[in-house]
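This report describes a protein chain, shown below. It takes up salt bridges, backbone angles, sheets, domains and surface in turn.

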Amino acid sequence: MPLVRVGLNDKLLFDRQGRVGRAVDMEDVKFHQCVKINQFESDRMISFVPPDGVFDLMQYRLNKKLQPQITISCNVVRHGTSRVEIFCTARSTYRRTNVASFVDILIAIPSDADKPEAYCSLGAIRYSPENSMLLWGLRNVSGGREFTCRAQFHLPSVRSSDMKAFAKPPIRVKFEIPYLSASGFQVRYVKTVEKENYNATPWVRYVTQSGDYQIRTN
């Protein structure tokens with residue numbers, strides 16, 4: 001395997017060199033065991049011989065607040081003692097030139113909800129009784145757009161008089177946006193020191209994923 005050297009837009013390195021530009025201040029950096037830690041600490045360059053297969057090269061944390069790429073506003077309205085309506089609006093806040101490959105919005109409803117019905121302005125929404133959820137799926141979502149959905153269902157009369165019967169769990173959101181680095185993290189270069197009869201093609205692809213993303217309802 002070749003020796004690989006990777007340079008980042010590391011703020012500490014930029015400060016050392018008096019360089020001006022967009023940089024990230026990384027904290028709690030953790031590397032795969034193949035990385036030469038001493039070299040990174042001295043010149044802030046990641047140098048390693050990659051092992052076989054897929055692996056996580058490094059993890060880091062940013063001590064700053066990032067703008068959510070997908071925002072959700074949701075209101076739950078009770079009509080009388082048994083009918084409940086949910087109104088949700090989803091917004092993509094990233095640039096219009098970026099397109100999320102998918103956005104999945106998971107809305108929990110009571111397990112004993114009766115006759116749930118749902119409508120959405122884009123995508124598809126379905127009821128998953130085994131998970132007690134409404135699953136709103138969007139595909140190829142460009143930035144700077146807004147979408148809505150509306151759902152309603154009934155609660156059994158035996159518990160409908162209890163105002164605490166319908167809790168409001170958080171809405172879970174999953175998404176993936178290719179070619180976007182939400183944190184500002186950038187790979188400045190990838191260099192390989194190849195052995196004889198070994199050809200390597202450096203290639204970098206940015207992807208922003210949702211992780212554990214939950215939103216409280218009103």
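## A salt bridge between two loops

Arg44 and Asp10 form a salt bridge in which the closest N and O atoms are 2.5 Å apart. Because Arg44 sits in the loop between helix 2 and strand 3, and Asp10 in the loop between strand 1 and helix 1 (11-17), the pair ties together parts that are 34 residues apart in sequence. The model is a predicted one.

Both Arg44 and Asp10 are buried. For Arg44 the relative accessibility is 13%, and a residue counts as buried under 20%. The loop that holds Arg44 follows helix 2 (37-43). Arg44 also has a positive phi, near 60 degrees, although the residue is not a glycine.

## Positive phi and a charged network

Most residues other than glycine have a negative phi. Besides Arg44, with its positive phi near 60 degrees, Asp28 has a positive phi of about 50 degrees and is not a glycine either. Asp28 is placed in strand 2 (residues 26-31).

## Other salt bridges

The count of salt bridges comes to eight. One of them joins Arg83 to Glu85, with 3.8 Å between the closest N and O atoms; the cut-off for a salt bridge is 4 Å. How exposed are the two partners? Arg83 counts as partly exposed, at 26% relative accessibility, whereas Glu85 is buried, with a relative accessible area of 7%.

Arg91 and Glu146 meet through their side chains in a further salt bridge, at 2.9 Å from N to O. Arg91 lies in strand 6 and Glu146 in strand 11 (residues 146-154), so this pair ties together parts that are 55 residues apart in sequence. Arg91 counts as partly exposed at 33% relative accessibility, and Glu146 counts as partly exposed at 48%. Elsewhere, Glu27, Asp28 and Arg61 are joined into one network by salt bridges that share partners.

## The three-stranded sheet

Three strands in the order 3-1-13 make an open sheet with antiparallel pairing. Its edge strands are strand 3 (46-48) and strand 13 (187-193), each of which pairs on one side only. On average, neighbouring strands of this sheet are turned by 15 degrees against each other, direction ignored.

Strand 1 (residues 3-8) and strand 13 run antiparallel and are joined by six bridges. Within this pairing, Leu3 of the chain stands opposite Val193 in strand 13.

## The four-stranded sheet

Another open sheet has four strands in the order 5-6-11-8, and the pairing is antiparallel. Strand 5 (70-79) and strand 8 are the edge strands, each pairing on one side only. From one strand to the next, the twist averages 15 degrees.

Ten bridges connect strand 5 with strand 6 (residues 83-92), and the two run antiparallel. Val76 stands opposite Ile86 in strand 6. Strand 6 also holds Arg91, and strand 11 holds Glu146, so the salt bridge of this pair links two members of the sheet order 5-6-11-8.

## Pairing of strand 7

Strand 7 (residues 99-108) is joined to strand 10 (residues 133-142) by nine bridges, and the two run antiparallel. Val99 has Ser142 as its bridge partner in strand 10. Five bridges join strand 7 to strand 12 (residues 171-178), again with the strands running antiparallel. Here Val103 has Phe175 in strand 12 as its bridge partner.

Ile109 is placed in the loop between strand 7 and strand 8 (114-120). Is Ile109 buried or exposed? At 5% relative accessibility, Ile109 counts as buried.

## Domains and surface

The domain assignment divides the chain into domain 1 (3-65 + 181-206) and domain 2 (70-178). Taken over C-alpha atoms, the centres of domain 1 and domain 2 are separated by 39 Å. Ile109 and Pro51 are 58 residues apart in sequence, and their C-alpha atoms are 45 Å apart in space.

Met1, Val49 and Tyr198 make a nonpolar surface patch of about 230 Å². Of these residues, Val49 is found in the loop between strand 3 and strand 4 (58-62). Val49 counts as partly exposed because its relative accessibility is 40%.

Definitions and conventions. Residues are numbered from 1 along each chain as its sequence is written. This is a predicted model: local features need pLDDT of at least 70, side-chain atom pairs count only at pLDDT 80 or more; totals for chains, interfaces and linings use all residues. Side-chain values use heavy atoms; hydrogens and water are left out. Two strands pair if DSSP finds at least two bridges between them. Axes are lines fitted to C-alpha atoms, for helices over the stretch in contact, and angles run from 0 to 180 degrees between N-to-C directions. Patches are made of residues with over 30% relative accessible area and no salt bridge: like charges are joined within 9 Å, nonpolar side chains (Val, Leu, Ile, Met, Phe, Trp, Tyr) within 5 Å. Accessible areas come from the Shrake-Rupley method with a 1.4 Å probe; for residues, only the protein chains shown count as cover. Buried means under 20% relative accessible area, exposed over 50%, partly exposed in between (1.4 Å probe, protein chains only). Domain bounds come from an automatic or database domain assignment.
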